[in-house]
Amino acid sequence: MSIQTVSTQPYSDQKPGTSGLRKKVKVFQQSNYLENFVQSIFDSLEGYQNETLVVGGDGRYYNRQAIQIILKMAAANGFGRVLVGQGGILSTPAASCVIRKNSAFGGIILSASHNPGGPDEDFGIKYNTGNGGPAPEGVTDAIYARSQTITEYKILDAADIDLDRIATHSLGHTTVEVIDSVTDYGALMETLFDFSQIKQLLSSGNFRFCMDSLHAVTGPYAKALFERRLNAPAGTVVNGEPLEDFGGGHPDPNLVYAHDLVEVMFGDNAPDFGAASDGDGDRNMVLGSNFFVTPSDSLAILAANATLVPGYRNGLAGIARSMPTSQAPDRVAEKLGIDCFETPTGWKFFGNLLDAGKATLCGEESFGTGSNHIREKDGLWAVLFWLNILAVKGQSVEDIVKEHWSTYGRNYYSRHDYEGVESDRANTLISNLRGALSTMPGQTFGPYTVDYADDFAYTDPVDGSVAKNQGVRIGFTDGSRIVYRLSGTGTSGATLRLYVERYEPDATKHNQDTQEALANLIALADELAQIKTLTGRDQPTVIT
Ligand code: VG1
Ligand code: CO
């Protein structure tokens, strides 16, 4: 088997976004496109000779072809060992777990997360460092810079590896181990949660649970954990076969795209607990019978109840949430006397806080929750956390959430997405807002007076690195907020995200419809940014 050095030319568009490089499959299929990016990753790293690399993906279209290329390139570039999930499958949290458990140098995860899959849909690739977390901006910037000057890449001239059988292979001087995708992850979950208590709940016959894997990566994990280890009845996991096109669906666990589950959970005779996860398994949505839990509330509730769960029995060091996430977790942190960090959007910003032991739980409003057990958000972990709390408390989801609101107050919260907006229009909207920020503080709009208005910047408290332009925030004197930012994960046009939040301390006012409770602020958000006029859209594509 010989190492080939292939000449190539840069592609100008290989800048990683919020979570790696995401493009249409057809873009990745261009000659040398994937190879350029993979070589740019390797060229940006130092000291990986003879070390271990983890490779796996969410099983979407092009996953297998990409993995064969990456294995041969890893071998040609001198990695000592590559661990690859069976069938090319590793959920994002499982990949993080495998990297940590095996003290790997890093890992390559192939996923476009919640974006649709298939020959005309999306693909993605990202690099995770040895702590198991997404590469920080310093590394992704270096990868991008390298991709702009690349002239050649190295690849082994070898036959494809059989990814479907658990076995160890030699690829040149490199050992390739095809590993079970679930084992390490499942074992880690058992150390964190009270499996015997959850087992009792799930097999008691008077608790019904429905897990929708949306034909994405968590199917095998959910079946192994819930149905086999925790004795939930067969059929608890639905849409549990990972498919290359996710069955034509949009594997995004929210009220819009997980509509089948939503119908079940809001239908007659609804189960007690429902959950869904996304394409790569790092997101979660949790529902009670006729009841939706917002991701921000979920983080706050997990934090408030953490000591009921074995892995967190000794309490939390701190909480971290992304800036657009509601301030519900801040109230829990305050009561617990611990820090609540506010970071830019994207899990990579939590890594340092977790490594330094400053935060134990982290979360984002975008259905992402996780902890220091790995360095990615973790959908099934969140579901297990909820099951553990439900098993201990013996209350319904709705009762737990409402009790939480009456203790801490309720942060009414909603996100409105305007997808597929023309990039120029979206950029104009954001730059107009930026231009107006300095004049806003002190201005009054109906009942709302602007307290502060800025473009969020974050200084990492551990390494001092600074991230600027992370979203326009307008905060009002009563604690309400409006946030605007553009998505960094899309593959066509721009997605404008509007985040709106209002705090309601009065428990007699906790039962309003969220959109109604926020109606004034939503109208104000449109007035301030001229959303309808500038996007040309009457209403958002997705409301969560
Ligand atoms: C979105 C979410 C963000 C999340 C990111 C990756 O990013 O808003 O909170 O971390 O997706 O999640 P953006 O830039 O489109 O708003 V995943 O599950 O796609 O890896
Ligand atoms: Co995801």
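In this predicted model, helices α10 and α14 meet through a small set of side chains. D297, A300, I301 and A304 come from α10, and I400, V401 and H404 from α14. By class, the contact of α10 with α14 comprises 5 nonpolar residues, 1 polar and 1 charged. The two axes come within 11 Å and cross at roughly 85°. The crossing angle therefore makes α10 roughly perpendicular to α14. Spacing along a helix bears on such contacts. An α-helix has 3.6 residues a turn, so residues three or four places apart point the same way.

Both α10 (295–304) and α14 (397–408) also help to cover helix α11. Helix α11 spans residues 328–336. Its buried residues are A328, P329, R331, V332 and A333. Strands contribute to the cover as well, including β15 (318–322), β16 (339–343), β17 (361–364) and β19 (410–421). G337 follows α11 and has a positive phi, near 70°.

Strand β17 leads on to another buried site. S366 sits in the loop between β17 and β18 (368–371). S366 has 27 C-beta neighbours inside 10 Å and therefore counts as buried, the threshold being 20 or more. The sequence places S366 and R22 344 residues apart. Their C-alpha atoms are separated by 18 Å.

A second helix pair involves α4 (residues 92–101) and α6 (residues 183–192). Their axes lie 9 Å apart, at an angle of about 85°. Helix α4 is therefore roughly perpendicular to α6. On the α4 side, the contact is made by P93, A94, C97, V98 and K101. On the α6 side, D184, Y185 and L188 take part. The contact of α4 with α6 has 6 nonpolar and 2 charged residues, and no polar ones.

Helix α2 (residues 33–43) is mostly covered, with 9 of its 11 residues buried. The buried residues of α2 are L34, E35, N36, F37, V38, Q39, S40, I41 and F42. Charged E35 is thus listed with nonpolar residues such as L34 and F37. Helices and strands both provide the cover. Among the helices are α1 (25–28), α3 (63–76) and α5 (137–147). Among the strands are β2 (21–24), β6 (122–129) and β7 (152–157).

The loop between α1 and α2 holds N32. N32 is not a glycine, yet its phi is positive, about 70°. With 17 C-beta neighbours inside 10 Å, N32 counts as partly exposed, because it falls below the 20 needed for burial but above the limit of 12 for exposure. L214 also has a positive phi, near 50°, and is likewise a residue other than glycine. L214 lies in the loop between β10 (209–212) and α8 (218–229). L214 has 28 C-beta neighbours inside 10 Å and so counts as buried.

Strand β9 (residues 174–179) contains V176. V176 is buried, because it has 23 C-beta neighbours inside 10 Å. Setting aside neighbours within four places in sequence, V176 is in contact with L71, V82, V84, I161, H169 and L171. V176 and E501 are 325 residues apart in sequence. In space, the C-alpha atoms of V176 and E501 are 49 Å apart.

Ligand 1 is surrounded by 18 residues. The closest are T18, S113, S487, G488 and T489. The shell around ligand 1 has 12 polar residues, 5 charged and 1 nonpolar.

As for the chain overall, the model has 18 helices and 27 strands. Its radius of gyration is 23 Å, close to the 24 Å that the globule rule gives for 544 residues, so the chain is as compact as a globular protein of that length. The C-alpha atoms fill a box of roughly 70 × 60 × 40 Å along the principal axes. Buried residues make up 52% of the 544 residues. Of the contacts with a separation of 6 or more, 73% join residues 24 or more positions apart.

Notes: Residues numbered from 1 in each chain as written. Chains lettered and ligands numbered in written order. Predicted model: local features only at pLDDT ≥ 70, side-chain atom pairs only at ≥ 80, totals over all residues. Helix = DSSP H or I, 4+ residues; strand = E, 2+ residues; numbered from the N terminus. Rg over C-alpha atoms; globule rule 2.2 N^0.38 Å. Contact = placed C-beta atoms within 7 Å. Axes fitted to C-alpha atoms, helices over the stretch in contact; angles between N-to-C directions. Parallel < 35°, antiparallel > 145°, perpendicular 65-115°, else oblique. Near = placed C-beta within 6 Å.
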